[in-house]
Amino acid sequence: MTAPLDLSPAPGAAPLPRMILSQAGFEVRAVLRNGEQLLLTLIIPVVLLVLFGATSLLDLGPGRRIDFLAPGVLALAVMSTAFTGQAIGTGFERRYGVLKRLGATPLPRGGLIAAKTLAVIAVEAVQAAVICAVALALGWHPHGDPGSVIVLLLLGTAAFSGFGLLMAGTLRAEATLAAANLVYILLLAAGGVVFPLDEFPSGVQGALELLPIAALAEGLRDVLQDGAALPGTPLLVLAVWAVAGLVLAGRFFKWE
Amino acid sequence: MTPPGDGAVELHMLVKRYGAAGGARPAVDGLSLTAARGAVTSLLGPNGAGKTTTIEICEGFRRADSGTVRVLGLDPVADARALRPRVGVMPQSGGVPGTARAGEFLRLAASFHATPLDASALLERLGLAGHARVQVRRMSGGQQQRLSLAVAVVGRPELVFLDEPTTGLDPQARHATWTLIEELRAAGVSVVLTTHNMEEAERLSDHVVILDHGSVVAEGAPEKLTGAERQLRFRARPGLGLEELLSALPAGSAAKESPAGHYLIEADVRPELLATVTAWCASHGVMTEDLRIERRTLEDVFLELTGRELRS
(Lines give C-alpha, C1' and ligand atoms only; values in the text may rest on other atoms or scores of the structure.)
Protein backbone atom coordinates (compact mmCIF):
# COMPACT_ATOMS: atom_id res chain seq x y z
CA MET A 1 0.00 0.00 0.00
CA THR A 2 2.65 2.49 1.05
CA ALA A 3 5.54 3.28 -1.27
CA PRO A 4 8.91 1.89 -0.18
CA LEU A 5 11.09 4.48 1.53
CA ASP A 6 14.86 4.15 1.46
CA LEU A 7 15.67 5.18 5.02
CA SER A 8 19.32 4.14 4.83
CA PRO A 9 21.55 7.01 5.99
CA ALA A 10 22.64 9.42 3.26
CA PRO A 11 23.41 12.57 5.23
CA GLY A 12 24.65 15.77 3.68
CA ALA A 13 23.80 19.46 3.70
CA ALA A 14 22.43 21.20 0.64
CA PRO A 15 24.56 24.06 -0.79
CA LEU A 16 24.17 27.19 1.39
CA PRO A 17 22.63 29.40 -1.34
CA ARG A 18 19.95 26.77 -1.97
CA MET A 19 19.11 26.58 1.75
CA ILE A 20 18.88 30.38 2.00
CA LEU A 21 16.67 30.71 -1.08
CA SER A 22 14.44 27.93 0.11
CA GLN A 23 13.98 29.48 3.58
CA ALA A 24 13.46 32.97 2.07
CA GLY A 25 10.76 31.63 -0.26
CA PHE A 26 9.05 29.96 2.69
CA GLU A 27 9.06 33.23 4.65
CA VAL A 28 7.75 35.32 1.72
CA ARG A 29 4.85 32.90 1.23
CA ALA A 30 4.11 33.06 4.96
CA VAL A 31 3.88 36.87 4.89
CA LEU A 32 1.79 37.04 1.73
CA ARG A 33 -0.67 34.49 3.16
CA ASN A 34 -1.05 36.21 6.51
CA GLY A 35 -4.06 38.53 6.58
CA GLU A 36 -2.97 40.63 9.57
CA GLN A 37 0.46 41.16 8.03
CA LEU A 38 -1.08 42.24 4.71
CA LEU A 39 -3.20 44.77 6.57
CA LEU A 40 -0.05 46.43 7.93
CA THR A 41 2.14 46.04 4.88
CA LEU A 42 -0.22 46.78 1.99
CA ILE A 43 -3.76 47.76 2.92
CA ILE A 44 -3.03 50.56 5.43
CA PRO A 45 -0.32 52.18 3.22
CA VAL A 46 -2.55 52.08 0.12
CA VAL A 47 -5.59 53.39 2.01
CA LEU A 48 -3.54 56.31 3.41
CA LEU A 49 -2.21 57.07 -0.06
CA VAL A 50 -5.65 57.10 -1.66
CA LEU A 51 -7.47 58.78 1.24
CA PHE A 52 -5.11 61.72 1.68
CA GLY A 53 -3.94 61.85 -1.93
CA ALA A 54 -7.39 62.11 -3.49
CA THR A 55 -9.00 64.39 -0.85
CA SER A 56 -7.96 67.59 0.93
CA LEU A 57 -8.63 66.24 4.44
CA LEU A 58 -5.09 67.17 5.47
CA ASP A 59 -3.01 70.26 4.87
CA LEU A 60 0.13 68.78 3.37
CA GLY A 61 1.87 72.09 2.76
CA PRO A 62 2.86 73.57 -0.59
CA GLY A 63 3.38 71.35 -3.62
CA ARG A 64 1.34 68.49 -5.04
CA ARG A 65 -0.25 66.26 -2.38
CA ILE A 66 0.69 62.95 -3.98
CA ASP A 67 4.35 64.00 -4.39
CA PHE A 68 4.47 64.53 -0.60
CA LEU A 69 2.52 61.39 0.27
CA ALA A 70 4.10 58.74 -1.96
CA PRO A 71 7.62 58.89 -0.42
CA GLY A 72 6.14 58.88 3.11
CA VAL A 73 4.00 55.83 2.37
CA LEU A 74 7.02 54.04 0.86
CA ALA A 75 8.88 54.68 4.13
CA LEU A 76 5.87 53.32 6.06
CA ALA A 77 5.91 50.19 3.89
CA VAL A 78 9.58 49.56 4.71
CA MET A 79 8.87 49.96 8.43
CA SER A 80 5.81 47.69 8.34
CA THR A 81 7.77 44.79 6.83
CA ALA A 82 11.31 45.17 8.18
CA PHE A 83 10.24 46.18 11.68
CA THR A 84 6.64 45.34 12.60
CA GLY A 85 6.14 42.19 10.53
CA GLN A 86 9.59 40.81 11.16
CA ALA A 87 9.44 41.47 14.91
CA ILE A 88 6.06 39.76 15.32
CA GLY A 89 6.83 36.85 12.99
CA THR A 90 10.25 36.13 14.49
CA GLY A 91 8.95 36.63 18.03
CA PHE A 92 6.37 33.89 17.58
CA GLU A 93 8.89 31.62 15.83
CA ARG A 94 11.07 31.95 18.89
CA ARG A 95 8.16 31.34 21.25
CA TYR A 96 7.01 28.19 19.44
CA GLY A 97 10.50 26.69 19.23
CA VAL A 98 10.73 27.13 15.45
CA LEU A 99 14.03 29.01 15.70
CA LYS A 100 15.39 26.29 17.97
CA ARG A 101 14.25 23.57 15.60
CA LEU A 102 15.70 25.36 12.56
CA GLY A 103 18.90 25.52 14.59
CA ALA A 104 19.00 21.71 14.52
CA THR A 105 18.89 21.64 10.70
CA PRO A 106 21.87 22.19 8.40
CA LEU A 107 20.73 25.81 7.82
CA PRO A 108 23.25 27.90 9.82
CA ARG A 109 22.06 30.87 11.90
CA GLY A 110 23.77 33.31 9.55
CA GLY A 111 21.93 31.64 6.68
CA LEU A 112 18.62 32.06 8.50
CA ILE A 113 19.28 35.79 9.03
CA ALA A 114 20.28 36.13 5.37
CA ALA A 115 17.06 34.37 4.34
CA LYS A 116 14.96 36.66 6.55
CA THR A 117 16.65 39.71 5.05
CA LEU A 118 16.07 38.46 1.51
CA ALA A 119 12.43 37.75 2.34
CA VAL A 120 11.97 41.27 3.75
CA ILE A 121 13.48 42.81 0.62
CA ALA A 122 11.31 40.66 -1.64
CA VAL A 123 8.13 41.66 0.22
CA GLU A 124 9.23 45.33 0.09
CA ALA A 125 9.62 44.99 -3.67
CA VAL A 126 6.01 43.81 -3.93
CA GLN A 127 4.87 46.68 -1.67
CA ALA A 128 6.85 49.26 -3.66
CA ALA A 129 5.39 48.01 -6.94
CA VAL A 130 1.80 48.29 -5.65
CA ILE A 131 2.34 51.67 -3.94
CA CYS A 132 4.11 53.17 -6.95
CA ALA A 133 1.37 51.94 -9.28
CA VAL A 134 -1.37 53.48 -7.12
CA ALA A 135 0.61 56.72 -6.69
CA LEU A 136 1.27 57.00 -10.43
CA ALA A 137 -2.43 56.48 -11.07
CA LEU A 138 -3.10 59.36 -8.67
CA GLY A 139 -0.79 61.61 -10.73
CA TRP A 140 2.55 61.13 -8.93
CA HIS A 141 5.58 62.65 -10.72
CA PRO A 142 8.70 61.18 -9.11
CA HIS A 143 12.05 62.83 -9.79
CA GLY A 144 15.60 62.01 -8.87
CA ASP A 145 18.11 59.27 -8.91
CA PRO A 146 16.87 55.66 -8.50
CA GLY A 147 20.24 54.64 -7.01
CA SER A 148 19.77 57.10 -4.13
CA VAL A 149 16.26 55.73 -3.54
CA ILE A 150 17.61 52.17 -3.33
CA VAL A 151 20.38 53.17 -0.92
CA LEU A 152 17.83 54.90 1.32
CA LEU A 153 15.43 51.93 1.24
CA LEU A 154 18.20 49.41 2.03
CA LEU A 155 19.61 51.51 4.86
CA GLY A 156 16.10 51.97 6.24
CA THR A 157 15.54 48.22 6.00
CA ALA A 158 18.75 47.58 7.95
CA ALA A 159 17.76 50.08 10.66
CA PHE A 160 14.25 48.68 11.09
CA SER A 161 15.38 45.03 10.87
CA GLY A 162 17.93 45.52 13.63
CA PHE A 163 15.32 46.83 16.06
CA GLY A 164 12.67 44.36 14.91
CA LEU A 165 15.01 41.45 15.60
CA LEU A 166 16.15 43.02 18.88
CA MET A 167 12.54 43.14 20.06
CA ALA A 168 11.74 39.61 18.79
CA GLY A 169 14.83 38.15 20.41
CA THR A 170 14.46 39.71 23.84
CA LEU A 171 10.75 40.22 24.68
CA ARG A 172 7.97 37.67 25.11
CA ALA A 173 6.06 37.09 21.86
CA GLU A 174 2.87 38.72 23.21
CA ALA A 175 4.83 41.77 24.37
CA THR A 176 6.51 41.99 20.97
CA LEU A 177 3.12 41.81 19.25
CA ALA A 178 1.75 44.69 21.34
CA ALA A 179 4.90 46.82 21.28
CA ALA A 180 5.58 46.41 17.56
CA ASN A 181 2.03 47.48 16.68
CA LEU A 182 2.21 50.43 19.09
CA VAL A 183 5.51 51.60 17.58
CA TYR A 184 3.98 51.29 14.10
CA ILE A 185 1.07 53.56 15.05
CA LEU A 186 3.23 56.09 16.94
CA LEU A 187 5.78 56.38 14.15
CA LEU A 188 3.01 56.56 11.55
CA ALA A 189 1.50 59.48 13.46
CA ALA A 190 4.67 61.32 14.50
CA GLY A 191 7.24 60.29 11.89
CA GLY A 192 6.36 62.58 8.98
CA VAL A 193 4.71 59.77 7.01
CA VAL A 194 1.45 61.56 6.16
CA PHE A 195 1.37 64.39 8.73
CA PRO A 196 4.06 66.98 7.85
CA LEU A 197 6.61 67.41 10.64
CA ASP A 198 6.56 71.23 10.34
CA GLU A 199 3.05 71.15 11.85
CA PHE A 200 4.70 70.14 15.17
CA PRO A 201 6.27 72.76 17.54
CA SER A 202 9.81 73.51 16.42
CA GLY A 203 11.55 71.93 19.46
CA VAL A 204 9.62 68.69 19.03
CA GLN A 205 10.17 68.77 15.29
CA GLY A 206 13.95 68.66 15.71
CA ALA A 207 13.69 65.54 17.85
CA LEU A 208 11.17 63.84 15.54
CA GLU A 209 13.48 64.33 12.57
CA LEU A 210 15.93 61.97 14.27
CA LEU A 211 13.43 59.09 14.16
CA PRO A 212 14.35 56.45 11.56
CA ILE A 213 10.93 56.67 9.90
CA ALA A 214 11.23 60.47 9.60
CA ALA A 215 14.77 60.21 8.22
CA LEU A 216 13.64 57.67 5.64
CA ALA A 217 10.51 59.63 4.65
CA GLU A 218 12.39 62.93 4.45
CA GLY A 219 15.30 61.37 2.57
CA LEU A 220 12.93 59.82 0.01
CA ARG A 221 11.17 63.22 -0.38
CA ASP A 222 14.51 64.97 -0.85
CA VAL A 223 15.20 62.63 -3.77
CA LEU A 224 11.78 61.90 -5.27
CA GLN A 225 10.13 65.30 -4.70
CA ASP A 226 13.12 67.63 -4.94
CA GLY A 227 15.55 65.64 -7.10
CA ALA A 228 18.40 65.60 -4.57
CA ALA A 229 21.13 62.92 -4.80
CA LEU A 230 22.18 61.03 -1.65
CA PRO A 231 20.70 63.36 1.01
CA GLY A 232 23.36 63.53 3.74
CA THR A 233 21.47 64.05 7.01
CA PRO A 234 18.80 61.37 6.49
CA LEU A 235 21.45 58.85 5.38
CA LEU A 236 23.56 59.61 8.43
CA VAL A 237 20.58 59.28 10.81
CA LEU A 238 19.57 55.96 9.23
CA ALA A 239 23.14 54.66 9.34
CA VAL A 240 23.38 55.39 13.08
CA TRP A 241 20.06 53.59 13.74
CA ALA A 242 21.13 50.67 11.55
CA VAL A 243 24.46 50.16 13.32
CA ALA A 244 22.89 50.56 16.77
CA GLY A 245 20.02 48.15 16.04
CA LEU A 246 22.11 45.45 14.42
CA VAL A 247 24.83 45.60 17.09
CA LEU A 248 22.25 45.40 19.90
CA ALA A 249 20.36 42.58 18.18
CA GLY A 250 23.59 40.66 17.62
CA ARG A 251 24.49 41.13 21.28
CA PHE A 252 21.15 40.42 23.01
CA PHE A 253 19.12 38.19 20.65
CA LYS A 254 18.14 34.97 22.46
CA TRP A 255 17.27 32.04 20.19
CA GLU A 256 14.97 30.30 22.69
CA MET B 1 29.60 -4.14 23.37
CA THR B 2 30.67 -1.14 21.40
CA PRO B 3 34.39 -0.32 21.59
CA PRO B 4 35.13 3.13 23.11
CA GLY B 5 34.84 6.00 20.66
CA ASP B 6 32.61 4.03 18.37
CA GLY B 7 29.14 4.52 19.86
CA ALA B 8 26.52 6.75 18.26
CA VAL B 9 26.35 8.61 21.57
CA GLU B 10 28.82 8.42 24.43
CA LEU B 11 28.26 10.33 27.65
CA HIS B 12 30.70 10.25 30.50
CA MET B 13 30.04 11.72 33.97
CA LEU B 14 27.69 14.33 32.60
CA VAL B 15 26.50 17.04 35.02
CA LYS B 16 23.98 19.78 34.27
CA ARG B 17 22.60 22.10 36.89
CA TYR B 18 19.97 24.77 36.27
CA GLY B 19 20.10 27.98 38.24
CA ALA B 20 22.84 28.98 40.64
CA ALA B 21 25.65 26.53 41.30
CA GLY B 22 25.16 24.78 44.61
CA GLY B 23 21.44 25.46 44.37
CA ALA B 24 18.91 22.89 43.36
CA ARG B 25 19.76 19.27 42.77
CA PRO B 26 21.39 18.87 39.32
CA ALA B 27 19.03 17.89 36.49
CA VAL B 28 21.74 15.54 35.25
CA ASP B 29 24.07 14.21 37.92
CA GLY B 30 27.09 12.19 36.82
CA LEU B 31 25.37 10.36 34.00
CA SER B 32 27.33 7.97 31.79
CA LEU B 33 25.91 5.92 28.96
CA THR B 34 26.65 4.59 25.51
CA ALA B 35 24.14 4.26 22.68
CA ALA B 36 25.46 1.79 20.12
CA ARG B 37 25.43 2.55 16.41
CA GLY B 38 22.62 1.02 14.41
CA ALA B 39 20.65 0.24 17.56
CA VAL B 40 17.58 1.67 19.28
CA THR B 41 18.41 3.03 22.73
CA SER B 42 15.53 4.12 24.99
CA LEU B 43 15.81 6.46 27.93
CA LEU B 44 13.16 5.69 30.54
CA GLY B 45 12.53 7.62 33.70
CA PRO B 46 9.91 9.44 35.74
CA ASN B 47 9.16 13.09 35.00
CA GLY B 48 12.14 15.20 36.01
CA ALA B 49 14.60 12.31 35.75
CA GLY B 50 16.75 14.29 33.30
CA LYS B 51 15.81 12.59 30.02
CA THR B 52 15.09 15.74 28.00
CA THR B 53 18.05 17.62 29.44
CA THR B 54 20.31 14.71 28.47
CA ILE B 55 18.91 14.59 24.93
CA GLU B 56 19.18 18.35 24.53
CA ILE B 57 22.84 18.23 25.56
CA CYS B 58 23.39 15.57 22.87
CA GLU B 59 21.58 17.77 20.34
CA GLY B 60 23.84 20.73 21.15
CA PHE B 61 20.99 22.87 22.52
CA ARG B 62 22.48 22.90 26.01
CA ARG B 63 25.99 22.67 27.34
CA ALA B 64 26.86 20.32 30.16
CA ASP B 65 28.48 21.87 33.24
CA SER B 66 30.99 19.03 33.25
CA GLY B 67 31.62 15.62 31.75
CA THR B 68 32.17 14.61 28.15
CA VAL B 69 29.70 14.25 25.31
CA ARG B 70 30.48 12.53 22.04
CA VAL B 71 27.88 12.25 19.29
CA LEU B 72 29.06 10.25 16.28
CA GLY B 73 32.52 10.84 17.75
CA LEU B 74 32.11 14.64 17.66
CA ASP B 75 31.34 17.44 20.12
CA PRO B 76 27.72 18.56 19.67
CA VAL B 77 28.52 22.25 20.24
CA ALA B 78 31.99 22.69 18.72
CA ASP B 79 31.27 20.40 15.76
CA ALA B 80 27.63 21.44 15.32
CA ARG B 81 28.10 22.33 11.68
CA ALA B 82 29.42 18.88 10.81
CA LEU B 83 26.78 17.11 12.91
CA ARG B 84 23.60 18.94 11.82
CA PRO B 85 23.25 17.18 8.44
CA ARG B 86 23.92 13.79 10.07
CA VAL B 87 21.57 14.03 13.04
CA GLY B 88 17.75 14.25 12.99
CA VAL B 89 15.97 15.88 15.92
CA MET B 90 12.36 15.54 17.06
CA PRO B 91 11.75 17.81 20.06
CA GLN B 92 9.16 16.94 22.67
CA SER B 93 6.76 19.54 21.33
CA GLY B 94 6.51 22.44 18.96
CA GLY B 95 9.11 23.56 16.50
CA VAL B 96 6.80 23.67 13.51
CA PRO B 97 5.28 27.07 12.63
CA GLY B 98 1.48 26.97 13.02
CA THR B 99 0.76 28.98 9.89
CA ALA B 100 2.81 26.77 7.56
CA ARG B 101 1.22 23.96 5.59
CA ALA B 102 2.42 20.50 6.58
CA GLY B 103 3.81 19.55 3.17
CA GLU B 104 5.40 22.94 2.70
CA PHE B 105 7.32 22.75 5.98
CA LEU B 106 8.46 19.18 5.33
CA ARG B 107 9.69 20.16 1.85
CA LEU B 108 11.53 23.12 3.39
CA ALA B 109 13.30 20.78 5.84
CA ALA B 110 14.06 18.39 2.97
CA SER B 111 15.58 21.22 0.91
CA PHE B 112 18.31 21.70 3.55
CA HIS B 113 19.69 18.24 2.74
CA ALA B 114 21.69 16.85 -0.16
CA THR B 115 19.70 13.65 -0.80
CA PRO B 116 16.48 13.85 1.24
CA LEU B 117 13.55 11.46 1.27
CA ASP B 118 10.59 12.26 -0.94
CA ALA B 119 8.36 14.46 1.22
CA SER B 120 5.09 13.16 -0.25
CA ALA B 121 6.05 9.51 0.23
CA LEU B 122 7.05 10.20 3.83
CA LEU B 123 3.77 12.00 4.55
CA GLU B 124 1.89 9.08 3.06
CA ARG B 125 3.84 6.60 5.17
CA LEU B 126 2.87 8.48 8.31
CA GLY B 127 -0.78 8.75 7.31
CA LEU B 128 -0.57 12.49 6.58
CA ALA B 129 -0.95 12.44 2.79
CA GLY B 130 -4.37 14.05 3.08
CA HIS B 131 -2.96 16.85 5.24
CA ALA B 132 -0.14 18.09 3.00
CA ARG B 133 -2.00 21.33 2.30
CA VAL B 134 -3.44 21.77 5.80
CA GLN B 135 -2.03 24.45 8.09
CA VAL B 136 -0.13 22.95 10.99
CA ARG B 137 -2.28 24.74 13.60
CA ARG B 138 -5.39 23.05 12.18
CA MET B 139 -3.91 19.57 12.61
CA SER B 140 -4.50 17.46 15.73
CA GLY B 141 -1.73 17.04 18.29
CA GLY B 142 -1.05 13.53 17.03
CA GLN B 143 -0.80 14.71 13.42
CA GLN B 144 1.59 17.49 14.40
CA GLN B 145 3.64 14.91 16.29
CA ARG B 146 3.94 12.70 13.19
CA LEU B 147 4.87 15.71 11.05
CA SER B 148 7.59 16.51 13.55
CA LEU B 149 8.89 12.93 13.25
CA ALA B 150 8.86 13.27 9.47
CA VAL B 151 10.93 16.48 9.70
CA ALA B 152 13.48 14.64 11.89
CA VAL B 153 14.05 11.82 9.40
CA VAL B 154 13.54 13.53 6.01
CA GLY B 155 17.27 14.33 5.62
CA ARG B 156 18.26 10.62 5.84
CA PRO B 157 20.28 11.04 9.04
CA GLU B 158 22.66 8.52 10.59
CA LEU B 159 21.31 9.20 14.06
CA VAL B 160 17.93 10.46 15.26
CA PHE B 161 16.93 11.81 18.67
CA LEU B 162 13.21 11.36 19.35
CA ASP B 163 11.94 12.99 22.54
CA GLU B 164 8.70 11.19 23.47
CA PRO B 165 7.74 10.35 19.87
CA THR B 166 4.45 8.63 20.70
CA THR B 167 3.13 10.59 23.69
CA GLY B 168 -0.49 11.47 23.01
CA LEU B 169 -0.82 9.36 19.86
CA ASP B 170 -3.80 7.10 19.22
CA PRO B 171 -3.02 3.38 18.77
CA GLN B 172 -2.96 3.53 14.94
CA ALA B 173 -0.57 6.47 14.89
CA ARG B 174 1.55 4.84 17.58
CA HIS B 175 1.91 1.69 15.54
CA ALA B 176 2.77 3.68 12.40
CA THR B 177 5.48 5.45 14.40
CA TRP B 178 6.81 2.16 15.80
CA THR B 179 6.95 0.65 12.31
CA LEU B 180 8.93 3.62 11.05
CA ILE B 181 11.37 3.37 13.96
CA GLU B 182 11.82 -0.36 13.29
CA GLU B 183 12.50 0.41 9.64
CA LEU B 184 15.02 3.09 10.56
CA ARG B 185 16.86 0.54 12.69
CA ALA B 186 16.72 -2.05 9.91
CA ALA B 187 18.21 0.55 7.55
CA GLY B 188 21.15 1.06 9.92
CA VAL B 189 20.06 4.33 11.53
CA SER B 190 20.94 4.80 15.22
CA VAL B 191 17.92 5.85 17.29
CA VAL B 192 17.90 7.41 20.75
CA LEU B 193 14.42 7.99 22.15
CA THR B 194 12.76 8.88 25.42
CA THR B 195 9.47 7.37 26.45
CA HIS B 196 7.08 6.73 29.31
CA ASN B 197 5.57 3.82 27.43
CA MET B 198 7.02 0.54 28.70
CA GLU B 199 5.48 -1.48 25.90
CA GLU B 200 7.20 0.83 23.44
CA ALA B 201 10.56 0.48 25.17
CA GLU B 202 10.27 -3.32 25.36
CA ARG B 203 9.17 -3.66 21.78
CA LEU B 204 11.59 -1.28 20.08
CA SER B 205 14.75 -1.14 22.13
CA ASP B 206 18.01 -2.98 21.83
CA HIS B 207 19.12 -1.20 24.96
CA VAL B 208 17.09 0.40 27.73
CA VAL B 209 18.55 2.97 30.14
CA ILE B 210 16.49 3.74 33.23
CA LEU B 211 17.25 7.19 34.65
CA ASP B 212 16.23 8.69 37.94
CA HIS B 213 17.41 11.89 39.62
CA GLY B 214 19.76 12.57 36.72
CA SER B 215 21.74 9.37 36.66
CA VAL B 216 21.48 5.80 35.41
CA VAL B 217 19.81 3.38 37.82
CA ALA B 218 19.77 0.36 35.50
CA GLU B 219 20.49 -0.46 31.89
CA GLY B 220 20.61 -3.39 29.55
CA ALA B 221 18.64 -5.23 26.92
CA PRO B 222 14.92 -5.32 27.84
CA GLU B 223 14.98 -9.10 28.41
CA LYS B 224 18.05 -8.75 30.58
CA LEU B 225 16.38 -6.10 32.71
CA THR B 226 13.16 -8.04 33.15
CA GLY B 227 15.18 -11.21 33.82
CA ALA B 228 14.17 -14.80 33.18
CA GLU B 229 12.21 -15.12 36.44
CA ARG B 230 8.57 -15.77 36.34
CA GLN B 231 5.99 -14.86 38.88
CA LEU B 232 2.59 -16.15 39.81
CA ARG B 233 -0.36 -13.85 40.22
CA PHE B 234 -3.92 -14.62 41.35
CA ARG B 235 -6.95 -13.10 42.95
CA ALA B 236 -8.77 -14.66 45.89
CA ARG B 237 -10.59 -13.56 49.03
CA PRO B 238 -8.53 -11.07 51.05
CA GLY B 239 -6.48 -11.96 54.11
CA LEU B 240 -5.05 -15.39 53.24
CA GLY B 241 -2.33 -16.62 55.60
CA LEU B 242 0.62 -16.02 53.36
CA GLU B 243 3.24 -17.06 55.90
CA GLU B 244 1.74 -20.49 56.09
CA LEU B 245 1.71 -20.69 52.28
CA LEU B 246 5.33 -19.53 52.12
CA SER B 247 6.44 -22.25 54.47
CA ALA B 248 5.19 -24.75 51.88
CA LEU B 249 7.21 -23.09 49.10
CA PRO B 250 10.93 -23.42 48.31
CA ALA B 251 13.28 -21.15 50.26
CA GLY B 252 13.82 -17.73 48.66
CA SER B 253 10.23 -17.39 47.52
CA ALA B 254 8.27 -14.26 48.34
CA ALA B 255 4.56 -13.65 48.59
CA LYS B 256 2.57 -10.49 49.03
CA GLU B 257 -0.98 -9.24 48.95
CA SER B 258 -1.34 -5.80 47.36
CA PRO B 259 -3.95 -4.46 46.98
CA ALA B 260 -6.30 -6.57 49.14
CA GLY B 261 -7.31 -9.77 47.36
CA HIS B 262 -4.50 -9.53 44.77
CA TYR B 263 -1.66 -11.96 45.42
CA LEU B 264 1.81 -12.11 43.90
CA ILE B 265 4.22 -15.01 44.42
CA GLU B 266 7.78 -14.36 43.32
CA ALA B 267 9.57 -17.66 43.12
CA ASP B 268 11.17 -20.13 40.80
CA VAL B 269 7.94 -21.02 39.06
CA ARG B 270 7.94 -24.71 38.12
CA PRO B 271 5.08 -27.18 37.70
CA GLU B 272 5.57 -28.44 41.28
CA LEU B 273 5.29 -24.93 42.67
CA LEU B 274 2.04 -24.37 40.81
CA ALA B 275 0.74 -27.65 42.20
CA THR B 276 1.78 -26.68 45.74
CA VAL B 277 0.01 -23.33 45.55
CA THR B 278 -3.21 -24.72 44.11
CA ALA B 279 -3.18 -27.64 46.58
CA TRP B 280 -2.72 -25.21 49.47
CA CYS B 281 -5.64 -23.15 48.17
CA ALA B 282 -7.80 -26.27 47.80
CA SER B 283 -7.03 -27.41 51.36
CA HIS B 284 -8.10 -23.95 52.64
CA GLY B 285 -11.24 -23.81 50.55
CA VAL B 286 -9.88 -20.88 48.52
CA MET B 287 -11.13 -20.39 44.96
CA THR B 288 -8.52 -18.53 42.90
CA GLU B 289 -9.43 -16.33 40.01
CA ASP B 290 -7.25 -14.94 37.22
CA LEU B 291 -4.44 -17.29 38.12
CA ARG B 292 -1.58 -16.59 35.77
CA ILE B 293 2.12 -17.11 35.38
CA GLU B 294 3.95 -14.18 33.92
CA ARG B 295 7.36 -12.72 33.41
CA ARG B 296 8.28 -9.51 35.09
CA THR B 297 7.54 -6.60 32.79
CA LEU B 298 9.72 -3.60 32.24
CA GLU B 299 7.10 -1.67 34.17
CA ASP B 300 7.65 -3.89 37.22
CA VAL B 301 11.39 -3.25 36.98
CA PHE B 302 10.84 0.45 36.45
CA LEU B 303 8.56 0.86 39.46
CA GLU B 304 10.86 -1.24 41.59
CA LEU B 305 13.82 0.99 40.74
CA THR B 306 12.15 4.38 40.75
CA GLY B 307 9.49 3.84 43.38
CA ARG B 308 5.74 4.26 43.28
CA GLU B 309 5.37 7.75 44.65
CA LEU B 310 4.10 10.38 42.24
CA ARG B 311 6.64 12.75 40.71
CA SER B 312 5.79 16.37 40.15
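**Exercise 1. Which pattern does chain A follow when read along the sequence?**

Solution. The structure is a predicted model. Start by listing the elements: chain A has 10 helices and 0 strands. Written in sequence order, this gives α-α-α-α-α-α-α-α-α-α.

**Exercise 2. Decide why chain A can be called as compact as a globular protein of its length.**

Solution. Step one is the radius of gyration, which is 20 Å for chain A. Step two is the value from the globule rule, 18 Å for 256 residues. The two are close, so chain A is as compact as a globular protein of that length. For further description, the C-alpha trace spans about 70 × 40 × 30 Å along its principal axes. Buried residues account for 46% of the 256 residues in chain A. Finally, take the contacts in chain A between residues at least 6 apart in sequence: 82% of them join residues at least 24 apart.

**Exercise 3. Describe helix α5 of chain A and what its buried residues pack against.**

Solution. First, the length: α5(A) covers residues 109-137, which is 29 residues. From first C-alpha to last it reaches 42 Å, close to the 42 Å expected at 1.5 Å a residue. Second, burial: the count of other C-beta atoms within 10 Å must be 20 or more. The buried residues of α5(A) include Leu112(A), Ala115(A), Ala119(A), Val123(A), Gln127(A) and Ile131(A). An α-helix has 3.6 residues a turn, so residues three or four places apart point the same way. Charged side chains are represented too, with Lys116(A) and Glu124(A) among the buried residues. Third, the partners: the buried residues of α5(A) pack against α1 (16-33), α2 (35-54), α3 (65-95), α4 (98-103) and α6 (146-170) of chain A. After the helix comes Gly139(A), with a positive phi near 95 degrees.

**Exercise 4. Work out which elements of chain B touch chain A, and of what classes the touching residues are.**

Solution. Begin with the counts: 38 residues of chain B are in contact with 29 residues of chain A. On the chain B side, α3 (102-111), α4 (119-125) and α6 (171-186) each supply at least two residues. Sorted by class, that side has 19 nonpolar, 9 polar and 10 charged residues.

**Exercise 5. Give the strand order of the 6-stranded sheet in chain B and say why its edge strands have a free side.**

Solution. The order is β5-β6-β7-β3-β8-β9; the sheet is open and the pairing is mixed. At the edges stand β5 (87-90) and β9 (215-220), each with a single partner strand, so one side of each is left without a neighbour in the sheet. Neighbouring strands are turned by 15 degrees against each other on average, direction ignored. As one pair to check, β8 (residues 207-212) and β9(B) are antiparallel over 5 bridges. Within this pair, Val208(B) has Gly220(B) as its bridge partner. Now add the helices. α6(B) packs on the sheet, touching β3 (40-44), β6 (159-163) and β7 (190-195), at about 150 degrees to the direction of β7(B). Helix α11 (residues 298-306) of chain B touches β3, β8 and β9, at about 30 degrees to the direction of β8(B).

**Exercise 6. Do the same for the 4-stranded sheet of chain B.**

Solution. This open sheet has the order β11-β12-β10-β13 with antiparallel pairing. β11 (254-257) and β13 (289-295) are at the edges with a single partner strand each, so one side of each has no neighbour in the sheet. The average turn between neighbouring strands is 15 degrees, direction ignored. β10 (residues 230-235) and β13(B) pair over 5 bridges. In β13(B), Glu294(B) is the bridge partner of Gln231(B).

Notes. Residues are numbered from 1 along each chain as its sequence is written. Chains are lettered from A and ligands numbered from 1 in the order in which they are written. This is a predicted model: local features need pLDDT of at least 70, side-chain atom pairs count only at pLDDT 80 or more; totals for chains, interfaces and linings use all residues. The expected span of a helix is 1.5 Å times one less than its number of residues. A residue is buried if 20 or more other C-beta atoms lie within 10 Å of its own, exposed if 12 or fewer, and partly exposed in between; C-beta atoms are placed from the backbone. Two residues are in contact if their C-beta atoms, placed from the backbone, lie within 7 Å. Ala, Val, Leu, Ile, Met, Phe, Trp, Tyr, Cys and Pro count as nonpolar, Asp, Glu, Lys and Arg as charged, and the others, Gly among them, as polar. Two strands pair if DSSP finds at least two bridges between them. Axes are lines fitted to C-alpha atoms, for helices over the stretch in contact, and angles run from 0 to 180 degrees between N-to-C directions. The radius of gyration is taken over C-alpha atoms; the globule rule is 2.2 Å times the number of residues to the power 0.38.
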